[in-house]
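Work through the exercises below with the sequence and the 3D view open. Try each task before reading its solution.

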Amino acid sequence: MIDSRVEDMHDHPHPTPGHAHGHGHDDSIAEVLDLDATIHRPFVEALLDRVTDLTDREPRTIVDLGAGTGAGTLALARLFPSARIVAIDSSDAMLARLTAAARRDGVDDRVRTVEADLDTTWPDVGSLDLAWAALSLHHVADPDAVIGRVADALEPGGLFVVTEMPSQPRFLPDDIGIGTPGLEARCHAASAAQGWNFFPDWSDHLRRAGLEVVHHRSDDLHVEVDDTVRRYARAVTARTRTGLADLLSTEDLATLDRLLGDGPDALRHRDDLHFRGTRTVWIARRPAPRDRTEEETR
């Protein structure tokens, strides 16, 4: 399991499928999750277009692994109006938020939530046409076991969609820092040294489970700064400040405090803020059973 201090340092917003959170911790993650979903909506919509291109039928049963506040669940419910979605997360608070959001969207009759630690429990989800794991697979202790269970549950032709964040989002100019420029780079390096968001190329893991990787690419994302990006930058920076409190210099911590404050140097007032991020996607398919040749039947 992920150590809670390391999890606090993660700029990335997704709750750990096998890690419980306190109420305040859930609130801070939920805020970042919801802002992240708003910012990355065009990326998710483009990804779902690709998923639709690769499906030969509308999915009937979908599972969202590490569903968080439900951005993926709700996007899938909107795209596939006949599908039933099982949203799995280890946090009951996150699932409560997801249920409320599904009710507001009018899809709660098609969404079932399951509280589960994927390292110890594989819920009874039945046969699947589509599995979705957004920024969550790298958290499980034994990803090969989870991937294997997904592969076993997929119907022939079913898809497993995995997304990861290979680099932390960038918001600040390189020259920011008291005395020494490069504050954001030092924060990222400190997080990386503690194992931030470590994951391999999932391609071989998916193939070992008997799945065929049909799509794999990384995209650099640049988003115009607006109020949502400013709020996202502040929420991510606040979590970074908490998680790196014992690892950064007093000067860097003071700079973070100024960024989070209300003065002229604060994130909410800066005119040099930007947003850059990266997403990597794998889409894998469970092959249909191979027809036996005449020679094999003899």
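## Exercise 1: the chain as a whole

The protein chain exposes about 13500 Å², and carbon and sulfur atoms supply 47% of it. Accessible areas here come from the Shrake-Rupley method with a 1.4 Å probe, and for residues only the protein chains shown count as cover. This is a predicted model, in which local features need pLDDT of at least 70, side-chain atom pairs count only at pLDDT 80 or more, and totals for chains, interfaces and linings use all residues. Residues are numbered from 1 along each chain as its sequence is written, and side-chain values use heavy atoms, with hydrogens and water left out.

Task: state how many helices and strands the protein chain has, and what percentage of its residues count as buried.

Solution.
- Step 1. Helices (H or I, at least four residues) and strands (E, at least two) are DSSP runs, numbered from the N terminus. The protein chain has eleven helices and seven strands.
- Step 2. Buried means under 20% relative accessible area, exposed over 50%, and partly exposed in between (1.4 Å probe, protein chains only). Of the 298 residues, 51% count as buried.
- Step 3. Contact means heavy atoms within 4.5 Å. Among contacts with a separation of 6 or more, 77% come from residues 24 or more positions apart.

## Exercise 2: confidence

Task: find where the pLDDT is below 50.

Solution.
- Step 1. pLDDT is the predictor's confidence in each residue, from 0 to 100. Its mean over the protein chain is 88, and 89% of the residues reach 70 or more.
- Step 2. The pLDDT is below 50 over residues 1-24, a stretch that has 86 contacts in the model beyond near neighbours in sequence.
- Step 3. Over residues 291-297 the pLDDT is also below 50, and this stretch has three contacts beyond near neighbours in sequence.
- Step 4. Where pLDDT is low, the predicted coordinates should not be read in detail.

## Exercise 3: the sheet

Task: give the order of the strands in the sheet, and say which are the edge strands.

Solution.
- Step 1. Two strands pair if DSSP finds at least two bridges between them. The seven strands form an open sheet with mixed pairing, in the order β3-β2-β1-β4-β5-β7-β6.
- Step 2. β3 (111-115) and β6 (212-222) each pair on one side only, and these are the edge strands.
- Step 3. From one strand to the next, the twist averages 15 degrees. Axes are lines fitted to C-alpha atoms, for helices over the stretch in contact, and angles run from 0 to 180 degrees between N-to-C directions.
- Step 4. β5 (residues 154-164) and β7 (residues 276-285) run antiparallel and are joined by six bridges. One bridge has F160 paired with A284 of β7.
- Step 5. Helix α3 (residues 41-54) packs on the sheet and touches β4 (128-134), β5, β6 and β7; its direction makes about 15 degrees with that of β7.
- Step 6. Helix α6 (residues 143-153) also packs on the sheet, touching β1 (61-65), β4 and β5, and its direction makes about 145 degrees with that of β5.

## Exercise 4: strand β1 and I62

Task: explain why β1 is described as largely enclosed, then name the bridge partner of I62 in β2.

Solution.
- Step 1. Four of the five residues of β1 are buried, so this strand is largely enclosed by the rest of the structure.
- Step 2. β1 pairs with β2 in the parallel sense over five bridges. The partner of I62 in β2 is I85.
- Step 3. I62 lies in β1 and has a relative accessible area of 0%, so I62 is buried.
- Step 4. Beyond four places in sequence, the contacts of I62 include L76, F80, V86 and L130.

## Exercise 5: two helices

Task: which residues of α10 are buried, and what do the buried residues of α4 pack against?

Solution.
- Step 1. In α10 (residues 250-260), the buried residues include D252, L253, T255, L256, L259 and L260. Seen down the axis, they fall within an arc of 155 degrees, so they line one face of the helix. The arc is that of the directions from the helix axis to the C-beta atoms.
- Step 2. The buried residues of α10 pack against α7 (183-193) and α9 (227-243).
- Step 3. In α4 (residues 71-79), G72, T73, L74, A75, L76 and A77 are buried. These pack against α3, β1, β2 (84-89), α5 (92-105), β3 and β4.
- Step 4. T73 has 0% relative accessibility and therefore counts as buried. Leaving aside neighbours within four places in sequence, T73 is in contact with D64, A67, I85, A87, L98 and V111.
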